[in-house]
Amino acid sequence: MNVGKIAVAVILLTAVIGGAALWYTAERAFYEPVAFTPGQEIRLVPLNGDQPEAIVANDIQGIDAPSSPIKFRACFTTPLTLAMLTETYRPYEGAVPLVAPSNFPCFDAEAIGRALETGEALAFLSEPDIRPGVDRVVAVFADGRAYAWHQTNSSLKD
């Protein structure tokens with residue numbers, strides 16, 4: 001009887017430790033704050049060119065992890081209007097923000113995704129192929145809130 005209890009306890013303990021390790025690697029491990037220095041600021045690709053150019057971005061917060069090319073997330077504000085942005089920069093079709101870890105609360109992927117679907121926010125191409133098969137995307141709301149993330153592009157889907 002005691003052998004069965006010990007076996008169950010070992011199995012449960014292993015499951016708890018494994019679950020905690022999985023949660024930690026998904027939510028906390030590897031993520032580091034991003035420093036937005038000159039040359040690494042938020043940029044968008046203009047309609048009439050292929051070279052991204054820096055835009056005005058304030059209060060930037062960002063995270064990234066070397067373990068995956070799609071872990072980048074950023075939150076910032078911009079004084080640029082949606083009208084100016086749409087007349088100047090390349091839109092991004094099929095933008096789908098990925099969920100950020102819980103310790104980066106400014107990035108709400110579900111709310112950003114809903115806003116993109118309803119037109120409350122617009123998505124723009126920030127950096128094509130920032131890593132092979134991955135684009136940086138920026139979504140901007142009419143009130144100036146803006147968010148950036150990495151998303152796989154069609155070159156990986158073909």
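**View 1. Val-56 and the residues it meets from further along the chain.** Once its neighbours within four places in sequence are set aside, Val-56 is in contact with Thr-77, Thr-78, Pro-79 and Leu-80. This is a predicted model, so please read every view here with that in mind. To find Val-56, look in the loop that links strand E3 (53–54) with strand E4 (58–64). Is this residue buried or exposed? Val-56 counts as partly exposed, because its relative accessibility is 42%, and that class lies between the limits of 20% and 50%.

**View 2. Val-56 and Ile-42.** Here is a pair to pick out together: Val-56 and Ile-42 sit 14 residues apart along the chain, and 7.8 Å separates their C-alpha atoms.

**View 3. The largest nonpolar core.** Which residues have the most contacts inside this core? They are Ala-95, Phe-107, Ile-112, Leu-116 and Trp-149, within a set of 22 residues. At least two residues of the core come from each of helix H3 (109–118), strand E6 (121–131), strand E7 (134–141) and strand E8 (145–152). Helix H3 contributes the most, giving four residues. As general background, nonpolar side chains in soluble globular proteins tend to be buried together.

**View 4. A closer look at Ala-95.** Leaving out residues up to four places away in sequence, Ala-95 touches Leu-116, Ala-123, Val-137, Trp-149 and Gln-151. Two of these names, Leu-116 and Trp-149, may be familiar from the list of residues with the most contacts inside the largest core.

**View 5. Another core.** Apart from the largest core lies another one, made of 15 residues. Ile-42, Ile-55, Phe-76 and Phe-124 are among them.

**View 6. Stepping back to the whole chain.** Four helices and eight strands make up the secondary structure of the protein chain. Following the sequence, they come in the pattern α-β-β-β-β-β-α-α-β-β-β-α. The chain is more spread out than a compact globule, because its radius of gyration is 20 Å, well over the 15 Å that the globule rule gives for 158 residues. Along the principal axes, the C-alpha trace spans about 75 × 35 × 30 Å. Of the 158 residues, 38% count as buried. Among contacts between residues at least 6 apart in sequence, 58% join residues at least 24 apart.

**View 7. The surface and its charges.** The protein chain exposes about 9,100 Å², and carbon and sulfur atoms supply 60% of that area. The chain carries 11 positive and 18 negative charges, and the mean positions of the two groups are 10 Å apart.

Terms used: Residues numbered from 1 in each chain as written. Predicted model: local features only at pLDDT ≥ 70, side-chain atom pairs only at ≥ 80, totals over all residues. Heavy atoms only, no water. Buried < 20%, exposed > 50% of the residue type's maximum accessible area, 1.4 Å probe, protein only. Contact = heavy atoms within 4.5 Å. Core = buried A, V, L, I, M, F, W, Y, C linked by side-chain atoms within 4.5 Å. Rg over C-alpha atoms; globule rule 2.2 N^0.38 Å. Areas by Shrake-Rupley, 256 points an atom, 1.4 Å probe, with all protein chains shown as cover. Lys, Arg positive; Asp, Glu negative; His and termini not counted. Charge placed at Lys NZ, Arg CZ, Asp CG, Glu CD.
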